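I sat down with a fresh page and a cup of tea to look through this one. Here are my notes, in the order I looked things up.

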Amino acid sequence: MLDIRRRTGVLLTVVIMGQLILISAQVQSKSGMPVFQAVTFGAFARVQGGTTGTLHGVRDLWGSYVWLRGVRAENETLRKQVAAMEIRLQEERALASRSGRLQELLNLKTTTSLPTIAADVIAGNPNPGLLTLTIGRGSADGVQSDMAVVAPAGIVGRIVGAPAAHAARVQLLIDRNAAAGALAERTRAGGMVVGVDKDLPLSMDLVSNLADVKAGDLVVASGVDGIYPKGFTIGRVESSERGPGLYRAISVRPSVDFSSLEEVLVVLVPPRSATPEGSGHAPAATTGTAK
């Protein structure tokens, strides 16, 4: 019985909806369009508007995504180009720096009458007790033990030990066992510049308390040691005070920056005796033995 009533209700609803649709199709709105058509047109217009809006949103989102992908790729390309340019700039700076150093070395080579040969610094010495470096020239290039090594700024040191065919070891002037005959250029007061057991500056010994040596005076090689060419720069006097004994207490700041040496010149002149034959005295610059 309940099922018959439910079917009757559904049938009645269908009949009523059908009548409403027929009436709507016949009755016209104020605009002259049938009411049914106006209703269905409005409904479909809303559905179409929503669909169009969704499609536009998807299209804009996709366009933005593709644009961002392009921008990201372009940025990555630009970053790589900038990195390559930075590397190139560093290479150019290094090349310019080396060219400048080589030009200074060439100027020194052309201004001295002594035979010289340019050499690259190829290694240092990790032993703090012996300040040396290794250069890429040796016996095959005419390099011999005790030959002087110089740089545009001044004296570097001397060759120690027997050179290999294409390598040699240089004892730096700042080594505690190194020494060089020296004089103050202004007054020609002579003495001996020696390495010290502590940090720089160097010490200039054997200068009389009566000598006129002042801070700022240029100190050059005197040539009495038989190794370092006379007149080559050693450094400048940093302090000069009257000593307790016969000699002044003088400190000398080297003109060479030993921490940044890359190229040097070897003076191809064999060492000579610093004292007359038969005197029984060793050359002054070799009082310290290389270890």
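Is arginine 188 buried, partly exposed or exposed? I looked up its relative accessible area and found 47%, so I noted arginine 188 as partly exposed. I should say at once that I am reading a predicted model.

**Entry: two positive phi angles.** I stayed with arginine 188, since its phi caught my eye: it is positive, about 65 degrees, although the residue is not a glycine. I placed arginine 188 in the loop between strand S6 (179–184) and strand S7 (190–194). Aspartate 146 gave me another such case, with a positive phi of about 75 degrees and again no glycine. Aspartate 146 belongs to the loop between strand S2 (132–135) and strand S3 (148–151). I then checked its cover: the relative accessible area is 19%, and because buried means under 20%, aspartate 146 counts as buried.

**Entry: the loop between S10 and S11.** Next I went to glycine 243, which sits in the loop between strand S10 (233–241) and strand S11 (249–254). With a relative accessible area of 12%, glycine 243 is buried. Which residues does it touch, leaving out those up to four places away in sequence? I found Asn209, Arg248 and Ala249. I also took a C-alpha distance, from glycine 243 to valine 207, and got 9.8 Å for a pair 36 residues apart along the chain.

Leucine 246 is in the loop between S10 and S11 too. I noted leucine 246 as exposed, at 66% relative accessibility. Together with Leu206 and Tyr247, Leu246 makes a nonpolar surface patch of about 340 Å².

**Entry: the whole chain.** I stepped back and counted two helices and twelve strands. Reading from the N terminus, I met both α elements before the β elements. Of the 291 residues, 31% are buried. I looked at contacts between residues at least 6 apart in sequence, and 56% of them join residues at least 24 apart. The accessible surface comes to about 18,100 Å², with 60% belonging to carbon and sulfur atoms.

**Entry: confidence.** Where is confidence lowest, and where highest? I found the lowest mean, 61, in helix H1 (residues 2–26), and the highest, 96, in strand S9 (residues 218–221). The average pLDDT for the protein is 78, and 67% of the residues score at least 70. I marked residues 275–291 in my margin, as pLDDT stays under 50 there. For that stretch the model has 25 contacts beyond four places in sequence.

Notes: Residues numbered from 1 in each chain as written. Predicted model: local features only at pLDDT ≥ 70, side-chain atom pairs only at ≥ 80, totals over all residues. Heavy atoms only, no water. Helix = DSSP H or I, 4+ residues; strand = E, 2+ residues; numbered from the N terminus. Buried < 20%, exposed > 50% of the residue type's maximum accessible area, 1.4 Å probe, protein only. Contact = heavy atoms within 4.5 Å. Areas by Shrake-Rupley, 256 points an atom, 1.4 Å probe, with all protein chains shown as cover. pLDDT = per-residue confidence, 0-100. Patch = residues over 30% accessible without salt bridge, like charges linked within 9 Å, V, L, I, M, F, W, Y side chains within 5 Å. Salt bridge = Lys/Arg side-chain N within 4 Å of Asp/Glu carboxyl O.
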